[in-house]
Amino acid sequence: MMSPESPEGEDGEFGGLEYGEGGVPGDRGVGAEHEDDEGEDEPKQLDLDDTEALRQHAAGYGGGELNDDLNLANDLSNSDFVSPSDSKEFTVKLQKLPGMRLGVECVQFADELVVQAISEGMVAEEWNQKNPFLAIKEGDVIRQVNSIRGDPMEMLSKLRSGLVLTVKAEHCSRQVPREEENHFQTIKRTGGALLRFHQRMEMEAQIMDQAFAMAAISRRHERQDLDAKVWEAASAWNLESFMFFEEVPFLAAFGYTAKDKLNWDQGKVIPKLTMDLDEHFEQAGCTWYVIKCKLEVPVDDGKVETMTWEAPRRLHHLRMELHDRMKYYMEEKFYARVFGETPFARHTAPRGTTARLKAWLATLASAINKQEVPPMAAAITLLFLHAPVPSDGESPKAEAPAVNPPRPSQILAI
């Protein structure tokens, strides 16, 4: 399964670090002396009048230490790096389920957001495999995330929190000086702090495994090749790990328009959602009901982009993550008016469960299409089904909570 990102520690989130024995972060040997450094001569002082030496040093090729009054941002602007106007930006569209990580390690350097590494088995690497000519690589510069441009920290917030992301990047082969990665103190945890740290790591690993497992079983017609452990992880999946998201920009990525999470923008043409359910099967000791989904999204010139996919879900998923949330967000009388003639399936899944689920899902889809339920109901439904984003979907504005930098160099794993 995928390796977990590092969890939020006592003093902030330490993303992108590798943890050695005892839970002490040691990113590429950062914070500790290298054995290879023993016996080396003292570093030479740089001549501030030697422009070429300063440029090479800032690019990571120099052998001395930076003086306190050396401005790396100004030095970078005077170097021979490729400017945005001299190269072409490319667009990357990423989508994740709650609990997933993009698997991108970035560093803010000289007012730019530079990609440092791509983690294996995560969302960004999956994009790279499917789009080799638009792959995100080490050294690339991220220019824009959804509607944010020119603000590295805001873009990092978008990358962390957004579920649907439109990223504009540029192949620049940036090289960040090693000095920028060494300006932090090693955090040593002992006793209860160390125990809580490892507990958080284990919890995040479980949540991430469940999210990637659910994504693996969704949107595919052939599931026989999936390992039993994937089904076991998917069976424990839930939306509790991430239920605070902005519904309006999330819906905008699928062609829906809403004023807020409770009110639609009336008079606009919206997509048509269809949900059908005719079959179920047994896997990992559970019964899985196959929801056949179709989303027809209006595009330019009166054309319609149609997307079809399957979403196997347990009765537990359907009840806890969809049905109960609909009842929670609607008043009791309103819920009874919409679903009065199509009650949800009974507990213990007796005979007739498939027919009940089929009718209830059809009613929900019709209520969304007629805008009889609030936008948040449509957002939760699309999130629950892991609906694919249309190719012409708008760039949504993801929420931007405060980001705790993991260390002074601001290297972050997303």
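1. Glu170 is buried, and its relative accessible area is 0%. Please keep in mind that this is a predicted model. The side chain of Glu170 forms a salt bridge with that of Arg143, with N and O 2.7 Å apart. Arg143 belongs to strand S6 and Glu170 to strand S8 (residues 164–170), so this pair ties together parts that are 27 residues apart in sequence.

2. The partner deserves a look as well. Arg143 has a relative accessible area of 10%, under the 20% cut-off, and is therefore buried. There is also a further member to include: Glu112 is linked with Arg143 and Glu170 in a network of salt bridges.

3. Now to a neighbour of Glu170. Among the residues that Asp140 touches are Glu170, His171 and Cys172, along with Phe90, Leu113, Val114, Val115 and Ala135; residues up to four places away in sequence are not counted here. Asp140 itself sits in the loop between helix H3 (123–130) and strand S6 (141–145).

4. What is the nearest side chain of opposite charge to Asp140? That is Lys137, 6.9 Å away, and Asp140 is buried without a salt bridge. A salt bridge would need a side-chain nitrogen of Lys or Arg within 4 Å of the carboxyl oxygen, so Lys137 at 6.9 Å does not qualify.

5. Asp140 does have polar partners, though. Its side chain reaches the backbone nitrogen of Lys137 at 2.8 Å. A second partner is His171, whose side chain makes a polar contact of 3.0 Å with the side chain of Asp140. I would present these two together with the missing salt bridge, as Lys137 appears in both parts of the story: through its backbone nitrogen and through its side chain.

6. For the wider picture, the whole structure holds 9 salt bridges. One of them lies within a helix: Arg325 and Glu321 pair through their side chains at 3.0 Å, N to O. Both residues are in helix H8 (residues 315–329), 4 residues apart, or about one turn of the helix. Arg325 counts as buried at 10% relative accessibility, and Glu321 is buried too, at 5%.

7. Another salt bridge joins Lys268 and Asp265, with the closest N and O atoms 3.1 Å apart. Are these two residues buried or partly exposed? Lys268 counts as partly exposed, with 44% relative accessibility. Asp265 is also partly exposed, at 23%. This pair makes a useful companion to Arg143 and Glu170, which are buried at 10% and 0%.

Notes: Residues are numbered from 1 along each chain as its sequence is written. This is a predicted model: local features need pLDDT of at least 70, side-chain atom pairs count only at pLDDT 80 or more; totals for chains, interfaces and linings use all residues. Side-chain values use heavy atoms; hydrogens and water are left out. Helices (H or I, at least four residues) and strands (E, at least two) are DSSP runs, numbered from the N terminus. Buried means under 20% relative accessible area, exposed over 50%, partly exposed in between (1.4 Å probe, protein chains only). Lys and Arg count as positive and Asp and Glu as negative; His and the chain ends are not counted. A polar contact is a pair of N or O atoms within 3.5 Å; within protein, one must be able to donate a hydrogen and the other to accept it, and residues adjacent in sequence count only if both atoms are side-chain atoms. Contact means heavy atoms within 4.5 Å.
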